[in-house]
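User: I'm new to reading protein models. Could you walk me through a few features?

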Amino acid sequence: RKVQANAEADSDAPVDPPKVEEKFGAVPNGLSTDSDVAKREAESMSRKTLRASAEKFEFQAEVSRLMDILINSLYSNKDIFLRELISNASDALDKIRFLALTDKEVLGEGDNTKLEIQIKLDKEKKILSIRDRGVGMTKEDLRKNLGTIAKSGTSAFVEKMQTSGDLNLIGQFGVGFYSVYLVADYVEVISKHNDDKQYVWESKADGAFAISEDTWNEPLGRGTEIRLHLRDEAGEYLDELKLKELVKKYSEFINFPINLWASKEVEKEVPADEDESIDEEETSESSSSEEDGEEEDAEKAEDEKKPKTKTVKETTYEWELLNDMKAIWLRSPKEVTDEEYNKFYHSLAKDFSEDKPMAWSHFNAEGDVEFKAVLFIPPKAPHDLYESYYNTKQSNLKLYVRRVFISDEFNELLPKYLNFLMGLVDSDTLPLNVSREMLQQHSSLKTIKKKLIRKALDMIRKLAEEDPDETNDKEKRDVEESSEENEKKGQYAKFWNEFGKSIKLGIIEDATNRNRLAKLLRFETTKSDGKLTSLDQYISRMKSSQKDIFYITGASKEQLEKSPFLERLNKKDYEVILFTDPVDEYLMQYLMDYEDKKFQNVSKEGLKLKDSKTKELKESFKGLTKWWKSTLASDNVEDVKISNRLADTPCVVVTSKYGWSAYMEKIMHSQTLSDASKQAYMRGKRVLEINPRHPIIKALRERVVTDPEDESVKLTAKLIYQTALMESGFDLSDPKDFASHIYSSVKSSLNISPDATVEEEEDEAEEPEVETKAEEESASEESELKDEL
Ligand SMILES: Nc1ncnc2c1ncn2[C@@H]1O[C@H](COP(=O)(O)OP(=O)(O)OP(=O)(O)O)[C@@H](O)[C@H]1O
């Protein structure tokens with residue numbers, strides 16, 4: 001009877017999972033069906049070699065390299081594979097839900113309509129399976145998606161991973177799937193797409209993968225199941241508690257239910273063991289005497305009243321929901337904690353480093369177009385943010401319409417220069433059942449975009465306002481600094497270093513918001529003492545006599561600080577902005593004024609600096625400037641003028657107001673594909689400005705007065721011009737010509753006759769050179785030295 005009781009207990013055991021389970025492949029406690037046998041055969045076959053009948057493919061070289069690194073990685077945080085798989089499953093579910101908006105049929109019926117993720121463990125066989133009812137993959141999808149890497153920048157990632165060993169960013173590079181090989185040595189991907197049959201992709205990460213039509217697993221209906229045959233050392237992922245903890249940690253914000261086939265200890269009332277009760281009866285019989293007959297009867301009656309059951313512990317299995325799918329953006333911003341925003345950012349950005357986002361903005365737009373949005377400024381700029389700025393169409397904003405994910409490639413939501421922001425928009429106003437193309441043209445998008453830009457710029461402005469480093473008010477700064485935890489200190493400089501270029505690109509591209517963006521601009525100046533300053537701060541320090549905002553452009557701060565263009569400005573204590581980023585040159589073509597103040601490039605014409613003697617000097621140097629201009633006629637010099645910007649340098653070359661500056665010319669020259677004819681056209685007209693107080697200039701004037709036709713004076717004047725060109729940042733068009741002028745001048749300073757010629761080499765009969773002993777020795781010494789080096 002015992003045997004029977006056990007059998008009964010077994011049959012009640014939790015091997016009878018819901019219907020979904022039956023289709024799910026490996027059954028935990030092993031139901032012995034025909035398909036099971038076939039399956040096990042298939043499995044054991046495949047563990048040895050990939051299935052013989054399968055079509056074999058080689059991984060793209062880059063994928064193989066990546067897999068090699070992953071397999072041999074000593075990276076300790078192997079957990080990341082799970083969030084990558086769940087994230088892929090969630091993407092696939094998003095895709096089918098989106099398709100279903102316009103065609104309900106694609107969802108199918110019954111269990112197929114359940115948009116969920118299921119995780120299952122088979123401790124015995126050491127298999128962890130993750131299944132989704134997403135869009136699935138056709139045979140071709142399997143080959144392409146899990147064999148090649150489409151996204152660029154993967155090489156960069158592989159390099160980085162090899163050197164830093166940090167795999168945490170894997171998801172951001174579009175190669176998350178391969179992280180399965182951190183924990184598994186053999187992986188099967190079973191997938192069913194509506195347009196194809198069910199296929200199995202499998203690989204042991206040995207350079208090859210195989211695809212075969214799946215005739216042995218239970219049909220999936222639709223979607224993908226990934227089976228990880230875990231390595232021995234990855235046994236911890238068969239622990240339910242561990243998986244629950246991981247899903248909580250990484251996948252909290254997944255918008256689909258994630259269910260774990262979880263065991264549960266339950267107490268159950270089972271019929272009390274009859275054998276035992278008989279034994280008891282027997283014992284009681286033997287111990288009883290006949291006299292006790294009446295008493296006994298009473299006890300028996302009592303016993304019969306007692307239930308004949310007992311409590312036993314049983315393990316049952318059931319689907320346990322691991323996430324609560326809370327859409328953070330639907331909640332009131334007041335209710336969401338900083339910690340939740342941080343976590344949400346990490347899941348959105350697939351960035352699981354410790355870095356927190358720099359700022360966020362969570363808002364609810366009402367009116368004609370209603371939407372909710374959360375925007376984040378990431379802690380760091382992605383490695384390729386500006387590399388392909390004009391070519392990529394990558395926006396980092398997810399668009400939802402009434403909680404349904406539509407796309408994360410909607411470039412209509414934010415202008416390019418704000419592409420560094422992460423976040424999402426969920427609109428109730430946009431229609432749900434139209435194609436993506438139709439949606440892209442929807443008039444509400446313009447309103448959404450406008451509001452998003454406003455909010456984004458506000459968020460950046462606040463970042464500066466809250467930074468004590470940004471304030472001019474020393475007292476306020478001290479108060480802030482003394483507060484214990486001042487996380488906000490220096491945050492704007494950090495933002496500027498990461499994303500400053502984006503703000504500059506914004507000024508160039510977004511005329512409507514130019515002024516708002518200009519407020520966010522930061523730069524160093526001749527007086528900022530190595531710190532960043534803003535236009536507002538610059539203006540607040542302007543001298544009362546100063547009308548324009550002064551700036552200069554060049555390759556480096558050090559170079560600019562020595563520029564002759566700043567001589568007199570420095571002397572007179574004017575502040576000048578130092579722009580050292582090539583993009584600044586473009587920027588200043590668009591930023592004409594700010595708060596009614598014009599910008600003046602101090603290396604260009606138009607600088608107004610009072611010099612009471614200008615008129616007088618102009619008159620007294622008229623002869624020289626006229627003569628010099630005609631001497632330089634062939635050098636494309638528009639004019640020769642008295643300068644108001646020089647102190648110690650004899651002369652400089654300035655450009656016309658709307659032409660390119662010297663630095664811009666350099667930038668354009670360095671661009672391989674720039675158009676030579678445009679270069680000639682845009683090149684600023686050059687004006688030689690002379691310093692009338694400089695002894696060289698004064699001496700030159702005297703010499704010209706004496707003999708304007710003196711060739712040596714003409715040569716000297718040309719040499720001065722060429723030197724000024726160089727010092728002003730221009731490239732010399734004919735360096736050979738310049739060099740020969742310098743040598744002529746050197747000759748005269750060494751008192752060498754200008755006609756002196758170079759000594760001719762004697763014409764000897766050509767003989768092979770024979771090394772003398774001494775030469776040989778020195779040569780061998782040299783080579784020894786090289787070896788040592
Ligand atoms: N569960 C799945 N269902 C359908 N397609 C999938 C699934 N998992 C992966 N894929 C396909 O394989 C591709 C490669 O996946 P992988 O994780 O390597 O990169 P990714 O998903 O594009 O980028 P990321 O890792 O950033 O999510 C995906 O783009 C997707 O097309």
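**Strands, helices and a hole**

Analyst: Sure! Let's start with a pair of strands: S21 and strand S22 (residues 686-690) run antiparallel and are joined by five bridges. Keep in mind that this is a predicted model.

User: What holds strands of a sheet together in general?

Analyst: Strands pair through backbone hydrogen bonds, either parallel or antiparallel. Here, Val-652 sits opposite Glu-689 in S22.

User: In what order do the three strands of the open sheet come?

Analyst: The order is S20-S22-S21, and the pairing is mixed. Strand S20 (637-642) and strand S21 (651-655) are at the edges with a single partner strand each, so each has one side without a neighbour in the sheet. From one strand to the next, the twist averages 25°.

User: Which strands does H22 lie across?

Analyst: H22 lies across S20, S21 and S22, and runs at about 160° to S20.

User: And at what angle do the axes of H22 and H26 cross?

Analyst: Helix H22 (residues 622-631) and helix H26 (residues 711-727) have axes that come within 10 Å and cross at roughly 85°. The two helices are therefore roughly perpendicular to each other. On the H22 side, Trp-627, Trp-628 and Thr-631 meet H26 residues including Ala-717 and Ile-720. The residues of this contact divide into six nonpolar, one polar and one charged.

User: How do you find empty space?

Analyst: Rolling a probe the size of a water molecule over the atoms shows where empty space is left. This structure holds two cavities of 30 Å³ or more. The second largest has about 40 Å³ of space, and its lining includes Lys-527, Arg-541 and Asp-573. That lining divides into three nonpolar, one polar and five charged residues.

Terms used: Residues are numbered from 1 along each chain as its sequence is written. This is a predicted model: local features need pLDDT of at least 70, side-chain atom pairs count only at pLDDT 80 or more; totals for chains, interfaces and linings use all residues. Side-chain values use heavy atoms; hydrogens and water are left out. Axes are lines fitted to C-alpha atoms, for helices over the stretch in contact, and angles run from 0 to 180 degrees between N-to-C directions. Helices (H or I, at least four residues) and strands (E, at least two) are DSSP runs, numbered from the N terminus. Angles under 35 degrees count as roughly parallel, over 145 as roughly antiparallel, 65 to 115 as roughly perpendicular and the rest as oblique. Contact means heavy atoms within 4.5 Å. Ala, Val, Leu, Ile, Met, Phe, Trp, Tyr, Cys and Pro count as nonpolar, Asp, Glu, Lys and Arg as charged, and the others, Gly among them, as polar. On a 1 Å grid over the protein atoms alone, a cavity is a set of points where a 1.4 Å probe fits but cannot get out, and a pocket is an open set with protein on both sides within 12 Å along at least five of seven lines; lining residues have an atom within 4 Å of a point. Grid points are joined across faces, edges and corners, and a volume is the space filled by probe spheres set on the points. Two strands pair if DSSP finds at least two bridges between them.
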